[in-house]
Amino acid sequence: MSQIEQLFREFLNKNPEVENCYQQGLINRRSLARYLIKNEIAKSNQLEATIAMLRRFKFKKINNEEKNVFKDIKINIKDNITILDFEKEKELVKKLESIIAKTNYDKGDTLKIVIGSSSIKLFIDKENQKIIKNLIEKFNTENTLDSISEISVMFPKNAIDTKGILSTITKELVMNEIIISEFLTASPELLIYVKDEYVLKTYEILKRIKKSIK
């Protein structure tokens, strides 16, 4: 492997949108080579060597199966979500049972609990924070995110066995400078949490991915 190719691989890991644009034919090989020289992946006198490297380089193949699962996705949005990040404590875990009992799922109340190795995260409707008032007062919160929107992307069942779904979405969001606050999966449903300022743009990106599938 040449030094140019090695640097190019590292460059793609940090800039996945470049490979995406190249794969879609938005930039040609010579233009990409010039771009790489501009970003000091290769020297100014290595244009032809860079073009030759790109000609040999094995880009990831476009996965048609990956694309097809986006045809039938259903997208729903719910706003005014608060995410609380607590330090993990045994007593807190026990208290969560009472929180679940007070949540009215039939009315569409939001409550999601993620227990990690060192923290516990609660996803709850902002208007229902009174339910967890005692928890907030008694247990240590490391972080709180307000004004969050939950974007639910429901895939067909075969998406469970399909590769590359997350990478397709995250690449598009990265390219459009969307900051993802949290990600949750309950296959075949994907839950994306973003600040309110990003929700409309995120929705438009997901709709565009769906419409681009022919």
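In the predicted model, R9 and E5 form a salt bridge in which the closest N and O atoms are 2.9 Å apart. Both residues belong to helix α1 (residues 3–14), where a spacing of 4 residues corresponds to about one turn of the helix. The two partners differ in their surroundings: R9 is partly exposed, with a relative accessibility of 34%, whereas E5 is buried at 16%, a value under the 20% limit. Side chains of opposite charge can pair in this way when their charged atoms come close.

A search of the whole structure identifies 7 salt bridges, and further examples connect separate elements. One of them joins the side chains of R30 and E48, with an N to O distance of 3.6 Å. Because R30 is located in helix α3 (residues 29–38) and E48 in helix α4 (residues 47–56), this pair ties together parts of the chain that are 18 residues apart in sequence. R30 is partly exposed, at 35% relative accessibility. Another salt bridge is formed by K112 and E150, whose closest N and O atoms are 3.0 Å apart. This pair links distant parts of the chain, since K112 lies in strand β2 (residues 111–115) and E150 in strand β4, 38 residues apart. K112 is partly exposed, with a relative accessible area of 24%, while E150 is buried, with a relative accessible area of 8%.

Strand β4 also takes part in strand pairing. Strand β4 (residues 141–154) pairs with strand β1 (residues 74–87) in the antiparallel sense, over 10 bridges. Within this pairing, I83 stands opposite L145 of β4. Strand β4 is likewise antiparallel to strand β6 (residues 189–195), to which it is joined by 7 bridges. Here the bridge partner of M154 is E189 in β6.

E189 is also involved in a side-chain interaction with S152, a residue of strand β4. The side chains of S152 and E189 are joined by a polar contact of 2.5 Å. S152 counts as buried because its relative accessibility is 9%, which falls under 20%. Apart from its neighbours within four places in sequence, S152 is in contact with K74, I75, N76, E189, L190 and L191. K74, I75 and N76 fall within the range of strand β1 (residues 74–87), and E189, L190 and L191 within that of strand β6 (residues 189–195).

Aromatic pairs form a further set of contacts, and the structure holds 7 of them. The rings of F8 and F57 have centres 4.9 Å apart and planes at 75°, so the pair is classed as edge-to-face. This pair links distant parts of the chain: F8 lies in helix α1 and F57 in the loop between α4 and α5 (64–68), 49 residues apart. Both residues are buried, F8 with a relative accessible area of 0% and F57 at 9% relative accessibility. A second edge-to-face pair is formed by F11 and Y35, with 6.1 Å from centre to centre and 65° between the planes. As F11 lies in helix α1 and Y35 in helix α3, this pair ties together parts that are 24 residues apart in sequence. F11 is buried, with a relative accessible area of 9%, whereas Y35 is partly exposed, with a relative accessible area of 39%. In addition, F8 and F57 belong to one aromatic cluster together with Y22 and F59.

Conventions. Residues numbered from 1 in each chain as written. Predicted model: local features only at pLDDT ≥ 70, side-chain atom pairs only at ≥ 80, totals over all residues. Heavy atoms only, no water. Pairing = 2+ DSSP bridges. Helix = DSSP H or I, 4+ residues; strand = E, 2+ residues; numbered from the N terminus. Buried < 20%, exposed > 50% of the residue type's maximum accessible area, 1.4 Å probe, protein only. Polar contact = N/O pair within 3.5 Å; in protein donor to acceptor, adjacent residues only side chain to side chain. Contact = heavy atoms within 4.5 Å. Salt bridge = Lys/Arg side-chain N within 4 Å of Asp/Glu carboxyl O. Phe/Tyr/Trp six-rings, centres within 6.5 Å; stacked < 30°, edge-to-face > 60°.
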